[in-house]
Structure formats: C-alpha cells, structure tokens
Amino acid sequence: MTELNIDKLISHFPLLQQVIALEEVVWFNPNVTTLERGLPYVGLGEQDIHDASLRLQRFAPYLAKAFPETHVTNGIIESELIDIPAMKLALETHYQQPIKGRLMMKKDSHLPISGSIKARGGIYEVLTHAEKLAIEAGLLCESDDYSKLLEPEFRNFFQQYSIAVGSTGNLGMSIGIMSAKLGFTVSVHMSADARAWKKSKLREHGVNVVEYQQDYGVAVEKGRKEAEQDPRCFFIDDENSQTLFLGYSVAGERLKQQFELQGIVVNEQHPLFVYLPCGVGGGPGGVAFGLKMAFGDHVHCIFAEPTHSPCMLLGVHSGLHDEIAVQDLGIDNLTAADGLAVGRASGFVGRAMERLLDGYYTLTDEHMYQLLSELNQAEGIQLEPSALAGMPGVIHVEQNSEYLARLQIDESTLANATHLVWATGGGMVPKEEMAAYLEKLSV
Ligand SMILES: *Cc1c(COP(=O)(O)O)cnc(C)c1O
C-alpha cells in the first residue's frame, strides 16, 4: 500500500491514529446484526457443526486410548468452566470499577493433549484428514470402533503421508503431536517468536521442526511452498481452513451443556459476553460461530489483540480484511503473546464473522503480564500471557454506555449478565518459564 492510501485510510478511520501509536483501543462495531441476518455470510451452518461433533465422537474411543489424559472424559477433548470470584475482586481493584455481572473462565488453557485452544481446531483437522485417507483406502468405515487406528497397520499406512503447518507455537503443538501419534510424517514451520520449549517438546514427539527468523506469515508461506512439491503432503492452512474453524465451533454446544449443568441461564434478561484472544482469527472466530449457533443473539463475542498485532481489528474496522497488514501501518507485530503475533488476519474469518462480532479491543504486553500475575495471586491459576487478553473485556463492556444502550441492556440486565473470559493457553508451560512470566511484573 502506498503512503498516500495510508493517509487517506487514517482520515477515513481516525481510530487508526491510536492504533498506530500503539495505544490500547476499544471498538464496538455499530454494523453488527442478528444471527439470522449475519449467518448467510458465514457460509456454514448447524449441520456442519453437527458433522464435526459426530466426527469427534467417532474418534473418541481412539483418543481415550492414544492419550490416557483424555480417558476420564471418554476421549472427548473438553475444558472446565469455572467461576473466578477472587479475580473479579482483583479486577475491580485494578480498574477502580465495580463489576456488576458474574465473571467466569473457560479453561482451554488446560485442554488435554496440547494445553491450548488449538487442541480444538488443530487436532480436529488432523483427524478429518486421517479419516478421509483411511476411508478412501478402504481401511476404515464410519461405523467402526476407531480405536483400531492404534494398530500397526494404520501407523504404516499413515507413514506414507505427511502433514505440514506454519505456526507461532500452539497450532504446531496440536498438529504435531496428533499427526505424529497417528503415524504421519509431520513438519512444523515455526516463526521466530516460537518458544524454545515448544520446539523441543515437538522434537521429543518425533516432529520435524523447521525454524525461521521471520514472523508467522513467512513461516506459513515457506511451509506451504514446501508442501506443494509433495503430492502426499497435506498443508494445514491456518489462515483459510474451514475445517479448523468447524473444529473450534463445536465448543458452542459443549459450553451450552456446561451452562445447563451449572444452572446458568442465557437469554434476553441474562446476556452472555465472551472475550476471546485473537491471532489470525480461526480459533476465536470458530468458537464465536459455535457460540452464536448455540445461544443466538443473547451471546456477545468480543475479540482481544495485542497493541502490536491488532490485525483483526484493523481488517474489520477498515473493511480491508486480509488486504492490509499491521506492518503497512508501521506496526512491528512484536509481542510476547504466543499465538497472537499475527500481522495479517484471516480473510475468511473476518469476512464471514464481522457481522456477528460485537467488538474488538487491544492491550499492551505489560498489561497482560500484570493480569497474569493478578490471576496467579487471586486464583492460583497460571496462564500464558496471550490467555489473559480477554480479562479486561468486562470492564470495557460495562463502561460503554453507548454500546449497552444499542443492545438495550439496562442496569438490572447487566447485573444478570455472565462474562466469560476464554483462557486460551498456558497449561503446558514449564515451571521455569512460568516463573519468568511472573517475574516480568516486577520490571
Ligand atoms: C492461537 C491462539 C490464539 C488465537 O487463535 P487464532 O486462531 O490464531 O486467532 C489465542 N490464544 C492462544 C494461546 C493461541 O495459541
């Protein structure tokens, strides 16, 4: 993009001045609409989520045996939903503002197998590919007990095929661990910001880790190029994959069940606000899609991004989606938030979901570190920095009278609201690494 266009863009969208200055910003999109009006733009529906859910059920007997940590949930990869009342108090002190609604946390940070939200989409996409190959080869049919995939015959079969992915870390972990377990030859193309412990963990699992000195976008491109030269190699495209998106979307009906079990009501008088850390957009976008299908217009999804990587806010706010990157505005895309260091948003997710996402905000790395320490002190829960991005969301919502008026949410309805922070990663962070995160605060 030329200098002139950028100037024009800023004059059209004055909020970008603050974005460029790396200030924390909040934007509630005035163009959001109802599920009924927004759904046609997604291009996916109820049946697609249902298919994904059934596929995960078919694989459950296999997963329960292949990953003993999923035995207790019978091979279903799901996370806990908890109240965080002590953190609510800590936030009230931190922001000098009372919080009226109930504050909860979804612990995708502690999902089995790979310890992040990517255990939803990433694993699902590998399973989908494996199932397709095995069915086409006549080795498997949908009515089989999929624990037969543990037999050497299947490992030998999958060994002929390879899987490649570009990642800042967590997607690579999910895809690498799952693919290697099935027997695939798997390469993970890692961007410069990927943590050393994630790379070594993958190598322990027999994954081929390819390292780059550049960011996520470059790692993805190189991975894609390499995979193109090998017809037996399947490249997992984090930027555009509908399969990944659907794997994430199953979270909606699962959360609905958890709410029912805990007696939590979501309706017009009891709205639900969900705060989702956003990188390229597939994870939060897919989860938001599932939530919308499960709770309709009573759920409000808000995305959180680092001030140095506000790609989704930029793409949706300007309407340019993947035609603009944060680097075009001179923003460096450098952040400590794993999974969120993405300069260019998914074009698919932004275009599909923009009408169904209520808002976007950014926060600094220092802010995430501060919240990381506060959550540790208040609740004894340790997360990686990116997973804290959803924490200030409740403050933004409760403060924004214009937004609340538009939703026709009054004081008493606000007191009935549930605010859900989607904690996206951190369950597998080694002790020493976590100690270093906690120390950052004292700087
Ligand atoms: C990947 C990731 C996200 C965001 O998911 P995207 O699909 O990249 O938007 C958020 N938090 C963590 C910890 C992640 O690994």
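Which residue has a polar backbone atom 2.7 Å from an oxygen atom of the ligand? In this predicted model, the residue in question is Gly-281, whose backbone supplies the polar atom.

**Ligand site**

The shell around the ligand comprises 16 residues, and Lys-118, Asn-170, Gly-281, Gly-283 and Thr-424 are the closest of them. Three computed polar distances from the ligand are listed below.

| Ligand atom | Protein partner | Distance |
|---|---|---|
| Oxygen | Lys-118, side-chain N or O atom | 2.7 Å |
| Oxygen | Gly-281, polar backbone atom | 2.7 Å |
| Nitrogen | Thr-424, side-chain N or O atom | 2.7 Å |

Of the 380 Å² of accessible area that the ligand has on its own, the protein covers 99%. The ligand is located in the largest cavity.

By residue class, the shell consists of 9 polar, 5 nonpolar and 2 charged residues. Among the elements of secondary structure, helix 13, spanning residues 282–295, makes the greatest contribution to this shell, with 3 residues.

**Aromatic pairs**

The model contains 13 aromatic pairs. One of them joins Phe-154 and Phe-158, with ring centres 6.4 Å apart and an angle of 35° between the planes. How is this pair of Phe-154 and Phe-158 classed? The arrangement is tilted, because an angle under 30 degrees would be needed for a stacked pair and one over 60 for an edge-to-face pair. Both Phe-154 and Phe-158 belong to helix 7, which covers residues 152–159. Their separation of 4 residues corresponds to about one turn of that helix.

Terms used: Residues are numbered from 1 along each chain as its sequence is written. This is a predicted model: local features need pLDDT of at least 70, side-chain atom pairs count only at pLDDT 80 or more; totals for chains, interfaces and linings use all residues. Side-chain values use heavy atoms; hydrogens and water are left out. A residue is near a molecule or strand if one of its heavy atoms lies within 4 Å of it. A polar contact is a pair of N or O atoms within 3.5 Å; within protein, one must be able to donate a hydrogen and the other to accept it, and residues adjacent in sequence count only if both atoms are side-chain atoms. Accessible areas come from the Shrake-Rupley method with a 1.4 Å probe; for residues, only the protein chains shown count as cover. On a 1 Å grid over the protein atoms alone, a cavity is a set of points where a 1.4 Å probe fits but cannot get out, and a pocket is an open set with protein on both sides within 12 Å along at least five of seven lines; lining residues have an atom within 4 Å of a point. A molecule sits in a cavity or pocket if more than half of its atoms lie within 2 Å of its grid points. Helices (H or I, at least four residues) and strands (E, at least two) are DSSP runs, numbered from the N terminus. Ala, Val, Leu, Ile, Met, Phe, Trp, Tyr, Cys and Pro count as nonpolar, Asp, Glu, Lys and Arg as charged, and the others, Gly among them, as polar. Rings of Phe, Tyr and Trp (its six-membered ring) pair if their centres lie within 6.5 Å; planes under 30 degrees apart count as stacked, over 60 as edge-to-face and the rest as tilted.
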